[in-house]
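Here is a short tour of a protein chain, with a few aromatic contacts, a helix and a sheet as the stops. Have the viewer at hand and follow along.

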Amino acid sequence: MTLHWRALGIVGVAVSGLLALAAPQQVKANVLSQWVELGTDGNSSVRAIIDDASCPSVVFDGTTVPMTMRSDPSAKFGNVKPAQFAVRGCEVAVPAGAVAGMLDGKPLALPRANPQRIVMFGDTGCRMLTGAPTQACNDAKSWPFPTIAAAAAATRPDLVIHVGDYEYRESPCPADDAGCAGSPYGYGWDAWYTDFFQPAAPLFAAAPWIMVRGNHEDCSRAGEGWFRFLDPSPIGTECRDLTGDYVIRLGDFGIVVVDSAKVDDRGGVDSDQVPVLRRQFNDVRAKIPANAWLATHKPVNAMLAKPRDPQVNIVSNHILQAALGADMPAGVRMYVGGHIHFFQALDFGGARPPQLVVGTGGDNLAGMPTASVAGAEVNGLKAVAAVTVSGFAYMVWDRVDESDWTGTLFDVTGKPLNRCRLADRLLSCGQ
């Protein structure tokens with residue numbers, strides 16, 4: 001007997017329906033955050049945080065590539081403060097030469113060689129710590145990081161550099177404080193999401209990121225969240241400090257990233273940390289291109305007002321210059337850091353890389369140094385010129401040619417606060 005083609009079609013539909021019912025149904029992941037992060041030696045990865053189910057897939061140039069699980073709620077992580085992470089971290093390497101990527105129906109900002117516009121800032125979280133002045137996290141004027149992230153995204157950068165300190169909500173909001181009422185706190189996912197991942201979303205969509213580890217992400221604080229989500233290396237099973245350096249290559253331009261989260265601000269040049277940091281830097285020194293910046297949370301050379309004696313300036317730390325300075329290649333044109341909550345630019349007349357401090361992303365601002373920084377000795381060398389600016393801000397750098405950049409510091413409204421020019425190792429900013 002010959003079956004009509006319509007009958008065969010009905011049978012086929014019925015069989016396929018039965019097979020579909022029999023097959024396990026994959027639950028679509030609810031993506032809570034997604035971004036592209038730059039890593040070592042020209043590599044980058046797509047990162048995602050999901051609340052359930054299996055890791056999703058990324059479509060690169062029309063090809064579907066499944067993500068792998070980076071961190072799981074049930075995984076034990078040692079040497080950290082107790083915290084709850086009822087979410088999963090996922091990751092997948094960006095294929096070499098990939099032009100476009102899509103995750104959860106949204107386009108991904110893949111890396112570009114030779115970036116022409118770079119946004120930078122750091123110290124973005126909202127301060128909630130017993131014994132310190134509490135910020136009004138519910139007030140955009142008191143805690144402006146969501147506004148800064150949206151404004152920086154509107155500049156259409158090719159790259160974002162966050163110089164560390166992402167999560168500051170360590171202690172409960174005081175009972176009578178309406179400014180932070182209802183805020184999560186601690187070192188777990190809810191505090192991380194509110195303090196960083198949620199407000200960063202528009203800037204995640206705009207450009208790939210370089211994540212520098214801050215002291216708030218060391219093993220005595222929010223280190224578990226750092227390793228679960230942001231560290232460029234495989235996660236491991238416990239928190240580690242002074243994890244080493246790596247070089248990010250973007251065409252002929254590079255960024256050297258130094259983990260200074262646990263560097264002792266009060267240590268001297270004879271500190272046990274000096275040889276450790278020197279060895280870690282020398283391990284990657286040969287990979288540094290002829291046109292590079294060095295990014296580290298704690299500035300290599302910067303000055304601030306002495307606590308309880310603001311008429312006196314002190315150097316922010318002595319260890320990093322002692323560890324790195326003698327071995328710094330000529331191709332490193334500028335140091336970029338945060339940690340101190342203001343903007344500062346120090347130039348040394350080309351004798352060493354100038355220092356830029358951009359700890360202006362949202363946390364309580366630091367007091368300004370009242371004594372002159374220009375002409376002061378900083379780790380054995382006088383600052384030829386120096387500018388310090390107080391205010392919440394982000395900085396945008398535009399490339400003029402190989403080693404020539406112009407930079408503008410913008411406040412939360414988009415108003416320029418200062419303009420700079422970087423030519424080789426000479427940094428000049430408005431007074």
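Let us begin with two rings: Trp 35 and Phe 197 are both buried. This is a predicted model, and in it the two residues belong to distant parts of the chain, with Trp 35 in strand S1 and Phe 197 in helix H3, 162 residues apart. A second pair also links distant parts of the chain: Tyr 394 comes from strand S23 (residues 393–401) and Phe 410 from strand S24 (residues 404–411), 16 residues apart. Tyr 394 and Phe 410 are buried too. The count of aromatic pairs comes to 26; the table sets out these two.

| Pair | Centre to centre | Angle between planes | Class |
|---|---|---|---|
| Trp 35 and Phe 197 | 5.3 Å | 40° | tilted |
| Tyr 394 and Phe 410 | 5.6 Å | 25° | stacked |

Rings meet charges as well. The charged end of Arg 169 is placed over the ring of Trp 143, 4.7 Å from its centre, and Arg 352 lies over the face of Phe 348, at 4.7 Å from the ring centre.

Next comes helix H4 (residues 223–230), which is mostly covered, with eight of its eight residues buried. Among them are Trp 226, Phe 227 and Phe 229. The cover over these buried residues includes helix H3 (189–206) and strand S1 (31–38).

Finally, look at the open sheet, where four antiparallel strands follow the order S4-S3-S7-S8. Strands S4 (63–66) and S8 (106–108) are at the edges with a single partner strand each, so one side of each has no neighbour in the sheet. From one strand to the next, the twist averages 35°. Strand S3 (residues 57–60) is joined to S4 by four bridges, and Val 59 stands opposite Thr 64 in S4.

Conventions:
Residues are numbered from 1 along each chain as its sequence is written. This is a predicted model: local features need pLDDT of at least 70, side-chain atom pairs count only at pLDDT 80 or more; totals for chains, interfaces and linings use all residues. Side-chain values use heavy atoms; hydrogens and water are left out. Two strands pair if DSSP finds at least two bridges between them. Axes are lines fitted to C-alpha atoms, for helices over the stretch in contact, and angles run from 0 to 180 degrees between N-to-C directions. Buried means under 20% relative accessible area, exposed over 50%, partly exposed in between (1.4 Å probe, protein chains only). Contact means heavy atoms within 4.5 Å. Rings of Phe, Tyr and Trp (its six-membered ring) pair if their centres lie within 6.5 Å; planes under 30 degrees apart count as stacked, over 60 as edge-to-face and the rest as tilted. A charge sits over a ring if NZ of Lys or CZ of Arg is within 6 Å of the ring centre and within 35 degrees of the ring normal.
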